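Visitor: I would like to learn how to read a model like this one feature at a time. Could you walk me through it?

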Amino acid sequence: MKKLLVLVLAMMLLVGCSQQKKDTTFMVTRDNTLYALYNQNGERLTEYSYKTFEEVSGIGYIVTDANDQKGVISDKGDEIIKPGTYETLEAVDEMLYATKKVEVKKEKKDDKDKKEEKQTTPTQTFIKNNLYVLNNKGEVLYSADEKTGIMKSGLPIILKDNTYIVLYHNGEILYNDIQIVRYANQYKNSTSVILGLEKNENYYYFDKQDEKNNIELTINEKGTFQFLAQNDKGVVLNDEATKSMIYIDFAHKKYYQNTIAIKEASFDSTGNIVLTNDNKTFVYEVGKAPVLMTSYYMSAYTYVARSTDIYGPHHIFKDGKSTGDFENCQLYPVAYHVYYEIFPVYIRDKGYQYYNFDNKKVIDKTFLAAEPFDANGRAIVKSKEEGYSLIDETGKVLTKDVYNQIKYIGSSYYAVYNENGTFGILDKDAGEIFPMEYTSLPTEAIVNYDSHDYLILGKNGRSFVYDIEDEMKEIFSHEGSVTLSEKGYFKVDNQYFTFEGEEIK
């Protein structure tokens, strides 16, 4: 559980409301032992009473008190469940699983087995005692007993009177039928749910803004499907055991199945559906077979298929059609998503040159080293031994000097280093943003909170925070390393600062 060390006191009262103000609360401590809850106005909402905490969306916090007893408080600090009422508490959507402490005593084996009675389905177990499902007010929705079984799946599944009930959100009934429910999984406490039934899978999607977009879809593919990725266009489900991947298209309210071994999925910045399995990367076009990528690619239709022979021939595809082969050259050895139809290849005994997916050389220069073009249409190259430069898509050198090293740090900014290891910051047009006087670059130099970008740089042990949106205005500087909390403040060791640079006392 995440533990914070210092209070977010008077965060929004110091110099007026922050431009980043959100309705949120913080758990903080004075002595690294007990925590209290505060809001962004600096108001303390509880006493310093809690040893641990876990934030739960839609409820508040699961906490433990000084006696290690679990309880629940709301995000306003109100006590929902008094510590000690239950021995265990576990969040599930906007509900809770709970158990009570059971006194251990000697008993006959037959009595013990009866108390631990469980009822099974083909893949899961229904618990028949000492398990409760609570709503966000701490009220008991269902309790396990001889007549009521509860399965702790991704959502609570209740078996009562030979009827299966699936709960979601704050105890709402999603499913109520006699057909066996094997499992119930949900995408990140959202309105996207998959149920494994006896004969098929049922998928549900609820659009809170427009009910016309709601989806209830029967999937005739058996398995135990997990959510891998979802965006506003669709969702990727996967059963790793059966190597079955399902994509559900929200717009057309239909699904597509592929048999493929994958472990992860994502949507890249250009809308590609990317599937991965260890060192293998596939790009999936809806309704088609996933395409294995072995080097540069833009989409499932535009890519280079790298040969097992290091110098080719490597086959080129553009818009699904072959445009020829690369021969006597090396390509980037793993899947690499390019933003532009320009990429570097190493020509045997010559050096690096830039080609496109039409199999044409596009820059009339050869480099000692060359990187792919980034999202800004810029590439880092080495044209002479003295160092590196930044070029545009035409091959024009943008930097006035050559540098010992150039790093793209995100957004439209680059760190440029001299031979002593100090660096400065340039923009995408090689304009100087900061001079060559900084000494340390955080792993995440550009950070974002509430759609607002900040730049963090280090100089001789001191960190500087700049507001990118306000012409790189310095917000504050401090000895030590600065990090940005997802809760909305900067942290330097055990000290905290607002977005205005004011220290939180």
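Guide: Let's begin with charged pairs. Side chains of opposite charge can pair when their charged atoms come close. In this predicted model, K459 forms a salt bridge with E437, and their closest N and O atoms are 2.9 Å apart. The pair links distant parts of the chain, with K459 in strand β45 (residues 452-459) and E437 in strand β43, 22 residues apart.

Visitor: Is E437 buried, partly exposed or exposed?

Guide: E437 counts as partly exposed, because its relative accessibility is 35%, and the partly exposed class runs from 20% to 50%.

Visitor: How many salt bridges are there by this rule?

Guide: The count comes to 12. One of them joins K152 and E90, with the closest N and O atoms 2.8 Å apart. K152 belongs to strand β13 (residues 148-152) and E90 to strand β7 (residues 88-92), so this pair ties together parts that are 62 residues apart in sequence. K152 is partly exposed, at 40% relative accessibility, and E90 is partly exposed too, at 38%.

Visitor: What about R378: which residue does R378 form a salt bridge with?

Guide: The partner is D429, and the closest N and O atoms of the two are 2.9 Å apart. This pair also links distant parts of the chain: R378 sits in the loop between β37 (369-370) and β38 (379-384), while D429 sits in the loop between β42 (423-427) and β43 (432-438), 51 residues apart. R378 counts as buried because its relative accessibility is 12%, and the buried class is under 20%.

Visitor: And which residues are linked in a network of salt bridges?

Guide: K318, E341 and D358 are linked in such a network.

Visitor: Now a charged residue without such a partner. How far is D239 from the nearest side chain of opposite charge?

Guide: That side chain is R182, 7.0 Å away, and D239 is buried yet has no salt bridge. The cut-off for a salt bridge is 4 Å. When you meet such a case, look for other polar atoms around the side chain. Here, a polar atom of the D239 side chain lies 3.0 Å from the backbone nitrogen of A241. D239 itself lies in strand β22 (residues 234-239). Beyond residues up to four places away in sequence, D239 touches G223, T224, F225 and S244.

Visitor: Let's turn to strands. How should I think about their side chains?

Guide: In a regular strand the side chains alternate between the two faces of the sheet. To read a sheet, take the strand order, then the sense of pairing. One open sheet here has three strands in the order β33-β35-β36, with antiparallel pairing. β33 (329-330) and β36 (351-356) stand at the edges with a single partner strand each, so one side of each has no neighbour in the sheet.

Visitor: How many bridges pair β35 and β36?

Guide: Strand β35 (residues 342-347) pairs with β36 over six bridges, in the antiparallel sense. As a place to look, P344 stands opposite Y354 in β36.

Visitor: What follows β36 in the chain?

Guide: The loop between β36 and β37 holds V362. V362 counts as partly exposed because its relative accessibility is 31%. Leaving aside neighbours within four places in sequence, V362 is in contact with I342, Y354, Y355 and N356. For a sense of scale, the C-alpha atoms of V362 and Y466 are separated by 38 Å, and these residues are 104 apart along the chain.

Visitor: How many residues lie between β25 and β26 in their hairpin?

Guide: Five residues lie between them, and G271 in the turn has a positive phi of about 95°. Strands β25 (residues 264-267) and β26 (residues 273-277) pair in the antiparallel sense over four bridges. Within that pairing, S266 has V274 in β26 as its bridge partner.

Visitor: Can we finish with the whole chain? What are the numbers of helices and strands?

Guide: The chain has one helix and 51 strands. Its C-alpha atoms fill a box of roughly 85 × 60 × 50 Å along the principal axes. Of its 505 residues, 50% count as buried. The accessible surface comes to about 25,800 Å², of which 43% belongs to carbon and sulfur atoms. Among contacts with a separation of 6 or more, 35% come from residues 24 or more positions apart.

Definitions and conventions:
Residues are numbered from 1 along each chain as its sequence is written. This is a predicted model: local features need pLDDT of at least 70, side-chain atom pairs count only at pLDDT 80 or more; totals for chains, interfaces and linings use all residues. Side-chain values use heavy atoms; hydrogens and water are left out. Two strands pair if DSSP finds at least two bridges between them. Helices (H or I, at least four residues) and strands (E, at least two) are DSSP runs, numbered from the N terminus. Buried means under 20% relative accessible area, exposed over 50%, partly exposed in between (1.4 Å probe, protein chains only). Lys and Arg count as positive and Asp and Glu as negative; His and the chain ends are not counted. A polar contact is a pair of N or O atoms within 3.5 Å; within protein, one must be able to donate a hydrogen and the other to accept it, and residues adjacent in sequence count only if both atoms are side-chain atoms. Contact means heavy atoms within 4.5 Å. Accessible areas come from the Shrake-Rupley method with a 1.4 Å probe; for residues, only the protein chains shown count as cover.
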